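Q: Could you take a close look at one part of this model for me? I'd like to see how one helix sits in the rest of the protein.

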Amino acid sequence: MLSRLFAPKVQVSAHCDLPCGVYDPAQARIEAESVKAIQEKYQANEDPHYRARATTIKEERAELAKHHVSVLWSDYFKPPHFEKYPELHQLVNDTLKALSAAKGSTDPATGQKALDHIAQIDKIFWETKKG
């Protein structure tokens with residue numbers, strides 16, 4: 001009796017933690033855009049207090065971007081994606097390395113490089129959503 005009461009009524013399946021709609025590379029892109037913007041503002045301001053605060057915020061945003069990319073890699077992308085896009089593992093690794101470089105740099109070029117990698121992940125992500 002109890003087993004019937006607590007038995008699932010509906011079975012669902014999803015290729016990720018929840019039915020799709022919860023993952024989006026836009027989260028990583030927004031954080032990486034903040035990193036680059038802070039790098040640009042840092043370059044335009046000589047005040048040491050401003051620069052210290054900008055550095056702290058930039059590092060936090062870079063970590064958030066790394067988190068969002070890592071979640072896509074570990075929770076969204078599955079073996080069929082890696083089979084169809086064999087470059088995906090290396091692309092994610094390169095993106096995380098680029099975000100680490102941007103985290104440790106005040107050069108906006110490093111922020112742009114991270115954004116360029118995220119754009120490639122975004123392209124693959126949306127291609128996987130079509131099929």
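A: Here is a walk along helix α6, starting from the whole protein and ending in the loop before the helix.

Keep in mind that this is a predicted model. Its mean pLDDT is 90, with 83% of the residues at 70 or more. The weak spot is residues 12-16, where the pLDDT is below 50; in the model this stretch has 10 contacts beyond near neighbours in sequence. Where pLDDT is low, the predicted coordinates should not be read in detail, so I'd leave those contacts alone.

The protein has 6 helices and 0 strands. Of its 131 residues, 34% are buried. Take the contacts between residues at least 6 apart in sequence: 74% of them join residues at least 24 apart. The accessible surface is about 8,200 Å², and carbon and sulfur atoms hold 57% of that.

Now α6 itself, which covers residues 108-130. Is its length what you'd expect from its residue count? At 1.5 Å a residue, its 23 residues should span 33 Å, and the end C-alpha atoms are 33 Å apart, so the two agree. At the N-terminal end there is a cap: a side-chain oxygen of Asp107 lies 2.9 Å from the backbone nitrogen of Ala109.

Which residues of α6 are buried? They are Pro108, Thr110, Gly111, Ala114, Leu115, His117, Ile118, Ile121, Ile124, Phe125 and Thr128. An α-helix has 3.6 residues a turn, so residues three or four places apart point the same way. Look for that spacing in the buried set, for instance in Ala114, Ile118 and Ile121. The buried residues of α6 pack against α2 (26-43), α3 (48-76), α4 (79-84) and α5 (88-103).

That brings us to the largest nonpolar core, which has 21 residues; Val69, Leu72, Phe77, Leu88, Leu99 and Ile121 touch the most other members. Two or more residues come from each of α2, α3, α5 and α6, and α6 gives the largest share, with 6 residues. For a view from the other side, try Leu99: beyond four places in sequence, its contacts are Ala32, Ala62, Ala65, Lys66, Val69, Ala114 and Ile118. Two of these, Ala114 and Ile118, are among the buried residues of α6.

Last stop: Ser105, in the loop between α5 and α6. Its relative accessibility is 16%, so Ser105 counts as buried, the cut-off being under 20%. Outside its neighbours within four places in sequence, Ser105 is in contact with Gln39, Lys58 and Thr110, and Thr110 is one of the buried residues of α6.

Definitions and conventions. Residues numbered from 1 in each chain as written. Predicted model: local features only at pLDDT ≥ 70, side-chain atom pairs only at ≥ 80, totals over all residues. Heavy atoms only, no water. Helix = DSSP H or I, 4+ residues; strand = E, 2+ residues; numbered from the N terminus. Expected span 1.5 Å × (residues − 1). Buried < 20%, exposed > 50% of the residue type's maximum accessible area, 1.4 Å probe, protein only. Contact = heavy atoms within 4.5 Å. Polar contact = N/O pair within 3.5 Å; in protein donor to acceptor, adjacent residues only side chain to side chain. pLDDT = per-residue confidence, 0-100. Core = buried A, V, L, I, M, F, W, Y, C linked by side-chain atoms within 4.5 Å. Areas by Shrake-Rupley, 256 points an atom, 1.4 Å probe, with all protein chains shown as cover.
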